[in-house]
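Work through the exercises below with the sequence and the model in view. Try each task before you read its solution.

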Amino acid sequence: MKSVAALLLVGMLILWTELPTGSAWSCPPVRFTCAMVNPPNQCFTDRGCPRYKKCCRTFCGRKCISRPPSLPVSYG
């Protein structure tokens, strides 16, 4: 009986670690990088950013960025 409870607990922990953290968007791709050897980072994980922002790799270092707009904006 104890082994069944332990397996159930392990299964619940595995499912819990795979749940989304509330930010369903991903960081934009970085096509170019700066020439600095160790660029300064403003954050290291999403927890180091304000609410609704994500810690993403940018052109030069990691920064907290806002979610991109869901609809493209057209000015023409």
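**Exercise 1. Find how strands β1 and β2 pair, and in which sense.**

Solution. Begin with the two segments: strand β1 covers residues 53–58 and strand β2 covers residues 61–66, and the two pair in the antiparallel sense over six bridges. Strands and helices here are DSSP runs numbered from the N terminus, a strand being E with at least two residues and a helix being H or I with at least four, and two strands pair if DSSP finds at least two bridges between them. Next, look at the connection, where a hairpin joins β1 to β2 through two residues. Finally, place these strands in the whole protein chain, which has one helix and two strands and follows the pattern α-β-β along the sequence.

This is a predicted model, in which local features need pLDDT of at least 70 and side-chain atom pairs count only at pLDDT 80 or more, while totals for chains, interfaces and linings use all residues. Residues are numbered from 1 along each chain as its sequence is written, and side-chain values use heavy atoms, with hydrogens and water left out.

**Exercise 2. Describe the surroundings of T58: which residue stands opposite, and is T58 buried or exposed?**

Solution. First, locate the residue: T58 belongs to strand β1, and the residue opposite T58 is G61 in β2. Second, look for a polar contact, that is, a pair of N or O atoms within 3.5 Å in which, within protein, one must be able to donate a hydrogen and the other to accept it, residues adjacent in sequence counting only if both atoms are side-chain atoms. The side chain of T58 reaches the backbone oxygen of G61 at 2.5 Å. Third, list the contacts (heavy atoms within 4.5 Å): leaving aside residues up to four places away in sequence, T58 touches V30, K63 and I65. Last, check the accessibility, where buried means under 20% relative accessible area, exposed over 50% and partly exposed in between, with a 1.4 Å probe and protein chains only. T58 has 17% relative accessibility and therefore counts as buried.

**Exercise 3. Find how many disulfides the whole structure holds, and follow three of them through the chain.**

Solution. A search of the whole structure finds four disulfides, each one a pair of cysteine sulfur atoms within 2.5 Å.

- Step one takes C34 and C60, whose sulfur atoms are 2.0 Å apart. This pair links distant parts of the chain, 26 residues apart, with C34 in the loop between α1 (2–17) and β1 and C60 in the loop between β1 and β2. The link of C34 and C60 is right-handed, with 70 degrees about the S-S bond, and C34 is buried at 17%, as is C60 at 18%.
- Step two takes C43 and C55, joined by a disulfide with an S to S distance of 2.1 Å. Because C43 lies in the loop between α1 and β1 and C55 in strand β1, the pair ties together parts that are 12 residues apart in sequence. The link of C43 and C55 is right-handed, with 95 degrees about the S-S bond; C43 is buried at 3% relative accessibility, and C55 is buried at 3%.
- Step three takes C49 and C64, with their sulfur atoms 2.2 Å apart. The torsion about the S-S bond is about -85 degrees, so the disulfide of C49 and C64 is left-handed. Since C49 lies in the loop between α1 and β1 and C64 in strand β2, the pair ties together parts 15 residues apart in sequence.

To finish, number the bonded cysteines of the protein chain in sequence order, which gives the pairing 1-6, 2-7, 3-5, 4-8.

**Exercise 4. Identify which side chains meet in a salt bridge, and compare how accessible the two residues are.**

Solution. A salt bridge is a side-chain nitrogen of Lys or Arg within 4 Å of a carboxyl oxygen of Asp or Glu, and a search of the whole structure finds one. The side chains that meet are those of K54 and D46, at 3.6 Å from N to O. As for accessibility, K54 is buried, with a relative accessible area of 12%, whereas D46 is partly exposed at 33%.
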